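Visitor: I have a model open in front of me, and I would like to understand the words people use for it. Could you walk me through them?

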Amino acid sequence: MHALLIGPVHSGLLYIGAAQEMGIKLSVITTDEGWYKLSDDLRAKVTEVITVESYDVDLLIHEAQTLHSQRPVGGVVAGSEYVVGQTAHIAKALGVAGFDPDKVDAVRNKATMRRTLQEAGVRTVKYAKASSAIDIEESAKRVGFPAVVKPLNLAGSVGVALVRNETELLAAYEDIVTMNIAEATKGQSKEQAVEVLMEEFLVGTEYCVDGWVEQDGTITVAEFVKVGLGPQPHFQEISYLSYRREDLACADELETYLKDVVRALGFTVGPFHSEVMQTNTGPVLIEIASRLPGDHLPELTETATGISFASCSLATHINYPVPRPKQPQARVAGSQFIIDHDAAGEVYTALAGWDDIVTRSEVDSAEYCVLPGTRIPPQHDFSSRIAEILFHADSVEAAEAFQKEIVEHVRIIQ
Ligand SMILES: Nc1ncnc2c1ncn2[C@@H]1O[C@H](COP(=O)(O)OP(=O)(O)OP(=O)(O)O)[C@@H](O)[C@H]1O
Ligand SMILES: [Mg+2]
């Protein structure tokens with residue numbers, strides 16, 4: 001069997017090891033530049049690396065068809081969020097399972113996602129789209145306060161803000177437009193740059209609820225991760241806890257809801273990664289993607305459940321039986337980021353207490369995201385995470401206690 005991976009970055013690279021372990025040949029199409037640069041180690045594990053100048057859909061289809069004519073491709077996999085749309089078109093061109101290109105906007109555009117859910121009668125958030133300051137005032141009348149405003153065309157929680165009144169709303173809108181105009185040079189149009197979504201502020205606990213769809217339509221929810229957030233009005237992800245289903249009281253409710261979401265949005269094969277708010281009236285989708293979750297979530301879930309998310313997802317793409325979980329290494333697995341907004345914009349020299357924590361038996365790995373001696377970015381998003389610690393524990397309580405200990409013990413020295 002031979003599969004094709006498009007534009008892998010971060011967790012998308014896990015497919016390479018998974019394919020090797022499963023004895024599946026895997027070719028990669030990539031720009032091989034910047035974040036997409038493939039290491040020599042990974043390059044050695046793939047059948048063929050096809051380098052392209054860009055992720056232009058026609059170019060990708062051409063390369064995929066050429067490969068397919070020489071070495072038939074049994075499945076096409078998106079290696080990152082940015083190539084999900086192109087991957088749908090390639091799958092169709094090659095005649096293999098994939099997202100219907102006519103429906104893929106439902107997992108790429110948050111406004112389409114919400115409208116599709118609404119039409120299918122699946123619980124969704126109250127929302128309105130706006131593309132000018134006047135529009136946004138109209139949106140406020142429909143959605144009310146408090147609300148969340150977010151760009152339609154960015155990711156990484158960039159520009160997402162809680163607003164409590166019209167003044168905050170207009171300020172947040174200006175911020176998004178300024179940021180988006182800066183991004184406009186990277187390929188998005190002026191029209192896209194001013195588009196935002198305003199939606200009802202959902203109160204509750206946030207979870208990533210993730211899994212995969214097999215070609216016979218079977219939907220499996222395999223990952224439940226509680227997301228810890230930083231102080232409002234931002235929504236910076238500062239910690240994760242990956243649970244076994246039996247340790248999470250709302251797991252069945254989340255699973256039932258997610259299956260409705262996945263069916264309504266038209267997933268036909270491969271992984272899904274969602275962010276869901278468990279509110280006091282039930283789960284409500286924040287967003288869902290047709291790719292593996294990022295931020296080491298697959299590694300956390302493998303530690304706690306033995307499930308290899310990349311192997312299971314790859315299996316669905318090539319219509320292989322989904323591999324059984326391995327023996328889990330721990331009951332719970334977590335991740336804690338070191339963040340200090342008091343030191344935002346400053347250079348720091350070291351992390352006090354770091355060595356004591358990272359040598360603990362609970363810790364599986366620890367790495368700096370912002371190196372000592374460099375400036376800590378001021379944004380309340382992924383860029384201001386100073387370091388990340390991945391760990392495991394015997395119980396949810398022990399995991400939560402260890403997260404607290406990390407936060408209290410590790411301090412920035414300026
Ligand atoms: N309607 C809402 N109510 C409450 N919180 C929300 C709402 N929308 C977004 N959030 C919070 O903001 C975060 C980022 O929002 P969203 O996922 O829509 O943006 P994003 O740019 O795709 O971010 P990321 O790439 O980090 O997931 C969410 O994970 C959630 O914590
Ligand atoms: Mg999100």
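**Reading the terms**

Guide: Let us begin with two strands: β11 (residues 237-243) and β14 (residues 332-338) pair in the antiparallel sense over four bridges. Keep in mind that this is a predicted model, where local features need pLDDT of at least 70, side-chain atom pairs count only at pLDDT 80 or more, and totals for chains, interfaces and linings use all residues. Residues are numbered from 1 along each chain as its sequence is written, chains are lettered from A and ligands numbered from 1 in the order in which they are written, and side-chain values use heavy atoms, with hydrogens and water left out.

Visitor: What makes β11 and β14 a pair?

Guide: Two strands pair if DSSP finds at least two bridges between them. β11 and β14 have four bridges, so they pass the rule. Strands are DSSP runs of E with at least two residues, helices are runs of H or I with at least four, and both are numbered from the N terminus. Within this pair, Ser242 stands opposite Ala333 in β14.

Visitor: Why do β13 and β16 stand at the edges of the sheet?

Guide: The open sheet has eight strands, in the order β13-β12-β9-β10-β11-β14-β17-β16. β13 and β16 each have a single partner strand, so one side of each is left without a neighbour in the sheet.

Visitor: Why is Glu275 called buried, and Glu287 partly exposed?

Guide: Buried means under 20% relative accessible area, exposed over 50%, and partly exposed in between (1.4 Å probe, protein chains only). Glu275 has 12%, so it counts as buried. Glu287 has 25%, so it counts as partly exposed.

Visitor: How do you know that these two residues coordinate the magnesium ion?

Guide: Donors are N, O and S atoms within 2.8 Å of the metal (3.2 Å for Na, K and Ca); water is not among the atoms, so sites may look incomplete. The OE donors of Glu275 and Glu287 lie at 1.8 to 2.0 Å from the magnesium ion (ligand 2), so they meet the cut-off.

Visitor: Why is the pair of Phe391 and Phe402 called edge-to-face?

Guide: Rings of Phe, Tyr and Trp (its six-membered ring) pair if their centres lie within 6.5 Å; planes under 30 degrees apart count as stacked, over 60 as edge-to-face and the rest as tilted. Phe391 and Phe402 have centres 5.2 Å apart and planes at 75 degrees, so the pair is edge-to-face.

Visitor: What makes the pair of Phe201 and Phe235 tilted?

Guide: Their centres are 6.3 Å apart and their planes stand at 45 degrees, so this pair is tilted.
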